[in-house]
Amino acid sequence: MRDTRLPLIGLLACGLALAASEAQAETASVVLPWGDAVSALLQGLATATVPLAATAITALVARFAGPLRLLVTSTLVERLVRNVADYALNAVAGAVKGKALTVPLGSAVIAKAAQRAADQAPDWLLRQAGGIEGLAEKVFRTLPLEESANVGNTLRPAIEAARRIAGTAKRGA
């Protein structure tokens with residue numbers, strides 16, 4: 001069986017060309033509906049580009065999610081350290097913000113800060129800070145301590161006191 005569509009399309013094209021030439025002879029201009037063609041072309045492009053744009057955005061989010069999560073977590077840990085240190089400076093008698101703390105006073109402030117974090121901070125944030133010990137070390141580094149204060153005479157007693165307080169709180173709960 002023979003395909004008869006091709007000669008029909010040719011006849012239609014010739015008819016349109018003839019009609020266009022007659023119209024051109026009469027009015028000297030032909031109006032083409034190009035707006036519909038442009039609209040259809042733009043719809044086709046939008047249909048093709050939306051999935052590509054969504055894929056690109058998803059790839060960017062995946063690429064930056066890890067570093068962004070790390071940045072947010074470290075910022076929250078720093079904020080936790082600052083907040084518990086400020087709390088402890090206000091809670092321990094004799095401790096004054098901005099003044100150098102003595103060794104016993106520094107240990108008391110660090111222990112109070114670690115206790116506050118253990119009581120109030122979410123577990124995941126405390127883990128990110130390094131647990132009670134890591135948080136105590138971070139508070140130790142932020143406090144203004146007298147020159148004789150060091151890890152052995154200030155930080156270690158504070159960590160031991162914080163562990164005792166945390167252990168007592170868990171047994172009492």
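Me: A residue counts as buried under 20% relative accessible area, as exposed over 50%, and as partly exposed in between. The model shown above is predicted. Why is Ser 148 called partly exposed?

Reply: The relative accessible area of Ser 148 is 42%. That value is neither under 20% nor over 50%, so Ser 148 is partly exposed.

Me: Where does Ser 148 lie, and which residues does Ser 148 touch, not counting residues up to four places away in sequence?

Reply: Ser 148 belongs to the loop between α5 and α6. With those sequence neighbours set aside, Ser 148 touches Val 103 and Asn 153. Along the chain, Ser 148 and Val 103 are 45 residues apart, yet 7.4 Å separates their C-alpha atoms.

Me: What makes Gly 106 a buried residue?

Reply: Gly 106 has a relative accessible area of 0%. Buried means under 20%, and Gly 106 is therefore buried. Its place is in helix α3, which covers residues 103–120.

Me: Which residues are in contact with Gly 106, leaving aside its neighbours within four places in sequence?

Reply: The contacts of Gly 106, apart from those neighbours, are Leu 101, Leu 143, Leu 145 and Thr 154. One of these, Leu 143, is 37 residues away from Gly 106 in sequence, while the C-alpha atoms of the two are 7.7 Å apart in space.

Me: How do you know whether Ser 107 is buried or exposed?

Reply: Ser 107 has a relative accessible area of 10%. As the limit for buried is under 20%, Ser 107 is therefore buried. Ser 107 also lies in helix α3. Beyond its neighbours within four places in sequence, Ser 107 is in contact with Asn 153, Thr 154, Pro 157 and Ala 158.

Me: Why is Gly 134 called buried?

Reply: The value for Gly 134 is 10%. This falls under the limit of 20%, so Gly 134 counts as buried. Gly 134 is a residue of helix α5. Its C-alpha atom is 9.4 Å from that of Ile 159, and the two residues are 25 apart in sequence.

Me: How many helices and strands does the protein have, and what share of its residues count as buried?

Reply: There are six helices and zero strands, so that the order from the N terminus reads α-α-α-α-α-α. Of the 173 residues, 23% count as buried.

Me: Which members of the largest nonpolar core touch the most other members?

Reply: This core has 32 residues, and those touching the most other members are Val 109, Ile 110, Leu 135 and Val 139. At least two residues of the core come from each of α2 (34–91), α3, α4 (123–128), α5 (131–142) and α6 (151–172). As for Leu 135, its contacts outside its neighbours within four places in sequence include Leu 80, Val 84, Ala 113 and Leu 126.

Me: The next topic is helix packing. Two packed helices are described by the angle between their axes and the distance between the axes. Why are α3 and α5 called oblique to each other?

Reply: α3 and α5 pack at an angle of about 135°, and their axes are 9 Å apart. Roughly perpendicular covers 65 to 115 degrees and roughly antiparallel begins over 145, so an angle of about 135° is left to the oblique class. The crossing of α3 and α5 is right-handed. Residues that meet there include Ile 110 and Ala 114 in α3, and Ile 132 and Phe 140 in α5.

Me: What makes α2 and α5 roughly perpendicular to each other?

Reply: The packing angle of α2 and α5 is about 70°, with axes 10 Å apart. The range for roughly perpendicular is 65 to 115 degrees, and α2 and α5 therefore belong to it. The contact is made by residues including Val 77 and Leu 80 of α2, and Lys 138 and Thr 142 of α5. α2 passes α5 in a right-handed crossing.

Me: How do you know that α2 and α3 are oblique to each other?

Reply: The axes of α2 and α3 cross at roughly 125° and come within 8 Å. Roughly 125° lies outside 65 to 115 degrees and is not over 145, so α2 and α3 are oblique. Their crossing is right-handed. Among the residues that make the contact are Tyr 87 and Leu 89 of α2, and Lys 112 and Arg 116 of α3.

Note on methods. Residues numbered from 1 in each chain as written. Predicted model: local features only at pLDDT ≥ 70, side-chain atom pairs only at ≥ 80, totals over all residues. Heavy atoms only, no water. Helix = DSSP H or I, 4+ residues; strand = E, 2+ residues; numbered from the N terminus. Buried < 20%, exposed > 50% of the residue type's maximum accessible area, 1.4 Å probe, protein only. Contact = heavy atoms within 4.5 Å. Core = buried A, V, L, I, M, F, W, Y, C linked by side-chain atoms within 4.5 Å. Axes fitted to C-alpha atoms, helices over the stretch in contact; angles between N-to-C directions. Parallel < 35°, antiparallel > 145°, perpendicular 65-115°, else oblique. Left-handed = near helix turned anticlockwise from the far one by under 90°.
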